[in-house]
Number of protein chains: 2
Amino acid sequence: MARPGGRSARVQASVHAAVRELTSEVGRDALTVPMIAQRAGVTPSTIYRRWGDLQELMSDVAVERLRPDTAPKDLGDLVSDLTAWAEQFFDEMASPAGRAYIRDALLGDPDGSNAGQCSAYAAEQIDVILTRATERGENAPDTEAVIDHVVAPLMYRILFRPDGLDASYARRLVATAVAPSHKGPPPTA
Amino acid sequence: MARPGGRSARVQASVHAAVRELTSEVGRDALTVPMIAQRAGVTPSTIYRRWGDLQELMSDVAVERLRPDTAPKDLGDLVSDLTAWAEQFFDEMASPAGRAYIRDALLGDPDGSNAGQCSAYAAEQIDVILTRATERGENAPDTEAVIDHVVAPLMYRILFRPDGLDASYARRLVATAVAPSHKGPPPTA
DNA sequence: CGACTAGACGCAATAACTTTGCTTTAAGCT
DNA sequence: AGCTTAAAGCAAAGTTATTGCGTCTAGTCG
């Protein structure tokens with residue numbers, strides 16, 4: 001039986017807050033379950049029973065922090081909207097903190113649901129932008145195409161080749177994804 | 001001073017072998033440093049001193065297993081070569097074992113060098129294929145373009161959205177990456 | 001409104017893992 | 001062959017992870 005409110009909710013909030021505080025105080029790599037438990041005013045066994053281990057807890061916190069808090073800005077046309085979104089996405093994800101969150105989200109994630117959630121967040125934001133463009137009468141690519149041509153290359157390079165990466169790469173990806181050809185449906189999963 | 005041969009090499013080989021054996025016997029998630037040490041005929045402190053912790057050891061082993069062992073096949077033309085390579089890459093990476101290796105490689109990797117190595121392996125293989133195509137007189141895309149349009153989408157979906165993914169997706173990615181437009185230089189990092 | 005039920009937490013003992021100082025081995029060099 | 005020193009072994013100390021059991025409380029039913 002789920003217990004959305006009450007004591008359980010307080011414990012969860014308290015533990016999440018403790019993780020955020022301690023991450024900024026001592027750094028992500030120095031965190032331990034007992035340390036988090038003490039800060040949260042909880043016993044370690046509570047955390048172990050509820051989250052399993054440190055990685056799963058961090059994964060849980062990471063997904064929460066990677067959730068976008070605002071709708072993408074409306075700048076009047078598709079290219080501007082998508083470029084602005086991609087730049088912001090890049091800035092958040094490519095920072096040391098962002099990379100750590102992504103890795104945590106991927107890591108302590110036995111069934112892949114947390115990673116899937118992150119991807120879903122991005123897809124939702126893109127969907128908003130593309131729907132808006134379509135309503136304006138612009139001809140917009142498919143959401144999956146934007147994921148393949150913009151999100152995936154960004155993520156790949158952030159995770160596997162972080163060197164020499166900057167926001168201009170994100171802009172170029174958007175430009176080539178939106179501009180050329182692509183009349184036939186692009187590859188879809 | 002580096003000690004490439006001798007006892008250190010034997011210990012490394014023995015530990016790596018122990019990891020591989022135990023992974024298939026008890027599963028990746030049940031591994032512990034003391035367990036590996038015992039199987040390898042080594043004391044736990046040796047592993048802790050040399051690799052730091054279990055994650056870094058797993059990352060080390062993962063990179064070794066992700067190294068391609070053969071040059072890509074030569075089937076006579078660019079599309080065939082790249083398609084065959086992408087299918088094989090997909091099969092290896094999308095399997096449960098492959099996903100586990102990728103995650104391990106990303107995980108215990110403080111400076112990102114292991115992940116970079118994985119990406120370099122793929123880039124090398126692609127380079128061989130593209131060079132061959134150019135020598136045949138075919139006009140081939142840039143290595144970076146193939147990474148953006150084929151490797152990155154594959155990896156992104158394997159890591160973030162493993163559901164409903166199959167080899168035909170890899171084929172479609174190659175088809176759209178090689179075939180259309182792309183006269184101007186595609187986005188590069 | 002009050003008793004009941006079951007999931008979640010606290011506590012404490014136990015077990016397992018990690019770290020560390022010191023000693024011993026053996027690879028590479030002269 | 002002898003020397004030097006990185007790396008491994010050993011063992012004690014410290015920390016973290018697991019687990020059984022009693023208690024509390026949110027949600028439910030009478």
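Modeller: In this predicted model, a pocket is an open set of grid points that has protein on both sides within 12 Å along at least five of seven lines. The largest pocket found in this way has a volume of about 1200 Å³.

Biologist: What makes a residue count as part of the lining of the largest pocket, and which residues are closest to its centre?

Modeller: A lining residue must have an atom within 4 Å of a point of the pocket, and 36 residues line the largest pocket. Those closest to its centre are Q55(A), L107(A), G108(A), Q55(B) and L107(B). Two or more lining residues come from each of α4 (54-66) and α6 (96-107) of chain A, and from each of α4 (54-66) and α6 (96-107) of chain B. Sorted by class, this lining has 14 nonpolar, five polar and 17 charged residues.

Biologist: How many residues line the second largest pocket, and what elements supply at least two residues of its lining?

Modeller: The second largest pocket holds about 480 Å³ of space, and 28 residues line it, with L66(A), R67(A), P68(A), E92(A) and M93(A) closest to its centre. At least two residues each are supplied by α4, α5 (78-94), α6 and α7 (113-136) of chain A, and by α8 (143-160) of chain B. This lining divides into 16 nonpolar, six polar and six charged residues.

Biologist: How do you know which residues surround DNA strand D?

Modeller: A residue is near a strand if one of its heavy atoms lies within 4 Å of it, and 24 residues surround DNA strand D, the closest being Y48(A), R49(A), T46(B), R49(B) and R50(B). On the side of the DNA, sugar and phosphate make up 63% of the atoms of strand D that come within 4 Å of the protein. The surface near strand D draws at least two residues from each of α1 (7-26), α2 (33-40) and α3 (44-51) of chain A, and from each of α1 (7-26) and α3 (44-51) of chain B. The largest share, four residues, comes from α3(B).

Biologist: Why is the approach of R50(B) to DNA strand D called a polar contact?

Modeller: The cut-off for a pair of N or O atoms is 3.5 Å, and a polar side-chain atom of R50(B) lies 2.8 Å from a phosphate oxygen of strand D, so the pair falls within the limit and earns the name. By the same test, S45(B) qualifies through a side-chain atom 3.0 Å from a base nitrogen of strand D, and S8(B) qualifies with 3.4 Å to a sugar or linking oxygen.

Biologist: What makes T46(A) a polar contact of DNA strand C?

Modeller: An N or O atom in the side chain of T46(A) is 2.4 Å from a phosphate oxygen of strand C, which is within 3.5 Å, and therefore the pair counts. T43(A) also reaches a phosphate oxygen of strand C, here with a polar backbone atom at 3.2 Å, while the side chain of R49(A) has an N or O atom 3.1 Å from a base oxygen.

Biologist: Which residues are closest to DNA strand C, and which helix gives the largest share of the surface near it?

Modeller: Of the 24 residues that surround strand C, the closest are T46(A), R50(A), R7(B), Y48(B) and R49(B), and sugar and phosphate account for 65% of the atoms of the strand that come within 4 Å of the protein. The largest share of this surface, four residues, comes from α3(A). The surface near strand C divides into six nonpolar, 10 polar and eight charged residues.

Biologist: Why are the two copies said to be related as by a two-fold rotation axis?

Modeller: Two copies of a chain are related by a rotation about an axis and a shift along it. Here a rotation of 180° with 0.0 Å of shift superposes chain A on chain B, with an RMSD of 0.1 Å, and the two copies are thus related as by a two-fold rotation axis. In chain A, the C-alpha nearest this axis belongs to A152(A), 2.7 Å away from it.

Biologist: How many helices and strands does chain A have, and what are its domains?

Modeller: Chain A has nine helices and zero strands. Its assignment gives domain 1 (7-52) and domain 2 (67-178), and the C-alpha centres of these two domains lie 30 Å apart.

Notes:
Residues are numbered from 1 along each chain as its sequence is written. Chains are lettered from A and ligands numbered from 1 in the order in which they are written. This is a predicted model: local features need pLDDT of at least 70, side-chain atom pairs count only at pLDDT 80 or more; totals for chains, interfaces and linings use all residues. Side-chain values use heavy atoms; hydrogens and water are left out. A polar contact is a pair of N or O atoms within 3.5 Å; within protein, one must be able to donate a hydrogen and the other to accept it, and residues adjacent in sequence count only if both atoms are side-chain atoms. Domain bounds come from an automatic or database domain assignment. On a 1 Å grid over the protein atoms alone, a cavity is a set of points where a 1.4 Å probe fits but cannot get out, and a pocket is an open set with protein on both sides within 12 Å along at least five of seven lines; lining residues have an atom within 4 Å of a point. Grid points are joined across faces, edges and corners, and a volume is the space filled by probe spheres set on the points. Ala, Val, Leu, Ile, Met, Phe, Trp, Tyr, Cys and Pro count as nonpolar, Asp, Glu, Lys and Arg as charged, and the others, Gly among them, as polar. Copies are superposed by least squares on the C-alpha atoms of residues with pLDDT of at least 70 in both.
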